[in-house]
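Dear colleague,

I am handing over the structure we spoke about, and below it you will find a careful account of what was found. Please read the account with the model open beside you.

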Amino acid sequence: MLRPLPKKDELSNRELLGVLARTLPGLYRSAPLLVSLLLAMALVQGLIPAVTILLGKWTVDGVSEALRGGTVDVTLLAVAWTGAALISQLTQVAAQVLQGYAADGFTVQTMTRLMNKMAEIHGLDVLEDPRFHDDIEILQMGAPRRPLNLVSTLLSLVRSVVSAVGVSATLLVIGWWVPLVVVAGTLPALLRQMEFYKLGWSIFIQRTQDSRELNYLQRVAMRHESAKEVRLYGLVPHLQDRYLTGTLAYQGVMRGVRNRQLLGILPYQALSLLVTAGLFVYVVSRAQGVGAGGGGYTAGSVVLVITALAGLRDELRGVSESISTGTEHLNWFHKYQSFLAATSGVTQPADPRPLPARLALTLDDVSFGYQGRPPVLEHVSLHIPEGQTVAIVGENGAGKTTLVKLLLRFYDPTSGRVLLGERGQEVDLRDVDVDGWRSQVAAVFQDFSRFEWTLRENITLGQPEDGAKLAHAVSASGLEPVLERVNGGLEARIGQAFGGVDLSGGQWQKLATARALYRESRVLILDEPTAALDPRSEAEVFGAFAAMSRGRTTLLITHRLGSVLMADRVLVMKQGRLIEDGTHAELLARGGEYAELWALQASQYAEPEAVGA
Ligand SMILES: Nc1ncnc2c1ncn2[C@@H]1O[C@H](COP(=O)(O)OP(=O)(O)OP(=O)(O)O)[C@@H](O)[C@H]1O
């Protein structure tokens, strides 16, 4: 099930630094005071280990002095120890509290930018790309935590660097070369560890689609959306099997990486330990020499070396961990910044032209294929004057919905043009403001959205509320009986996710119709708007559409040919081509595809005797 790993695409250190330079100013600006305070605390915390090591040395030296009959200022030592511990505790707690505040600001900023960007993606082309699904999953998951993680990692880095420098300084008591030897001995292990972190991230990125697929299997098995089929067809064992196979393969890859990481780093860690042990032996033997008269170190110095060596190794490990995890966060920010900078196929014109006075629709030799695949529309040309009602019919997959999607500029044609306006005054759809054009259109889509909000919110969809329009939309769409049955009327929440009432398929469809009726539009698009309605509701809703379509350009996609009679004109599509265009009577008389479809459907309603006759 797992795809082979694609070529490694890690960012170089230089690129990572570029991402850091682009990221930091934004994060700082979103909470300048908090970030400054956190930085100050990191600096203070960084000094604590060196202070503690020095206090340890002074304490041991003081005790040795006392044992030899001298005096030691116990009060001063106690105050110093308590002060250091108190500062350490206080800064830790304060940093946690401040990080909480900063996190809130970062999350709002990051999510707002992501949502703004989503609003800028006008087409559907980008959204249907599997790579987009991967990216958005990573970005959504990371948005609430990555910014804070990066800031706290950088603060840890500052703290560890200050600590490492401070602790190194204490080792100067033994010799200037001691910190250098420790750093040189530890560095190979740290570099190796950082390499593995980078590898871990790139594998995580490459595996996003696999883990998305595993999550999808889990959702199918556990969520209510697919519960009926899952139970009826006994799908659970099959899902379990696929899930287990995929998970085991995924875990196998990750285990391999982890094991290689652990085993690969062992020799380097052994080297680092050897260096530390060597230094320890050196200092202790020199200290023993003190007694023999040849050394130079006090007991306090020995304690200093023991704690400082361990401390320096810890701090260096802290530095490497911060750089490693920081690299991961920076990789996330790289994705985030690339996403924010990306342009989608359907873009706003830099200088939009005004919408023409009359919204006639023209397709001029339009061909289109999804995501570079073979065309599903080929050389379609047609003109629909403003105010005309046009029915589009044809077999499944003929390209009817695709044609409407091009009219709404969810995609741009591969070749040819979509034009708005009467002949001679047309403007290319690509040259007008996308949102301005869409605000002129109301639509009932075949796969309309079922928002789990109140009935009222589902109809008004964020538009200003108008009581008269709302009442008309409810009655004309046939929603009134639904309102009478649910508790709370228009305020009733619908959908199961938040404990609302669920509607039947037909009731949902009426709701989608009410939405379109509520929106004052010059163009009306109806894609199979009554497929789920009972005959009485269908007749009523078509009555509403007929009234609504008067004076409006209306496109009705339908397989129920009876409803075609409300149209001024019929377009017949087949395999991506427009093959017939005329009135119902003209097309019947022509005896082509439409006449055949009409006869087929009429025969289904005929009495058995009549069929046989
Ligand atoms: N988002 C998409 N990505 C790739 N191919 C698509 C997409 N949407 C539709 N298609 C393909 O385009 C072709 C035309 O589909 P379209 O939905 O326009 O047909 P239709 O005439 O509306 O069919 P139906 O009557 O079944 O609704 C089909 O072969 C379909 O598989």
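In what follows, Ala, Val, Leu, Ile, Met, Phe, Trp, Tyr, Cys and Pro count as nonpolar, Asp, Glu, Lys and Arg as charged, and the others, Gly among them, as polar. This is a predicted model, in which local features need pLDDT of at least 70 and side-chain atom pairs count only at pLDDT 80 or more, while totals for chains, interfaces and linings use all residues. Residues are numbered from 1 along each chain as its sequence is written.

With those classes, the shell around the ligand has three nonpolar, seven polar and two charged residues. A residue is placed in this shell if its C-beta atom, placed from the backbone, lies within 6 Å of the molecule, and among the residues found there are Glu 128, Tyr 370, Lys 400, Thr 401 and Gln 446. The largest share of the shell, three residues, comes from helix 11 (residues 400-407); helices (H or I, at least four residues) and strands (E, at least two) are DSSP runs, numbered from the N terminus.

Helix 11 also packs on two sheets, in which two strands pair if DSSP finds at least two bridges between them. One is an open sheet of four strands in the order 2-1-4-5, with antiparallel pairing, and its edge strands are strand 2 (377-384) and strand 5 (427-428), each of which pairs on one side only. Helix 11 touches strand 1 (361-368), strand 2 and strand 4 of this sheet, where contact means that the C-beta atoms of two residues, placed from the backbone, lie within 7 Å.

The other is an open sheet of six strands in the order 6-7-8-3-9-10, and its pairing is mixed. Strand 6 (441-444) and strand 10 (577-582) each have a single partner strand, so one side of each is left without a neighbour in the sheet. Strand 6 pairs with strand 7 (residues 523-527) in the parallel sense over four bridges, and the bridge partner of Ala 443 in strand 7 is Ile 525. Helix 11 touches strand 3 (389-394), strand 7, strand 8 (553-557) and strand 9 (569-574) here.

Leaving aside its neighbours within four places in sequence, Ile 525 is in contact with Val 404, Val 441, Ala 443 and Leu 555.

With kind regards

How values were computed: Axes fitted to C-alpha atoms, helices over the stretch in contact; angles between N-to-C directions.
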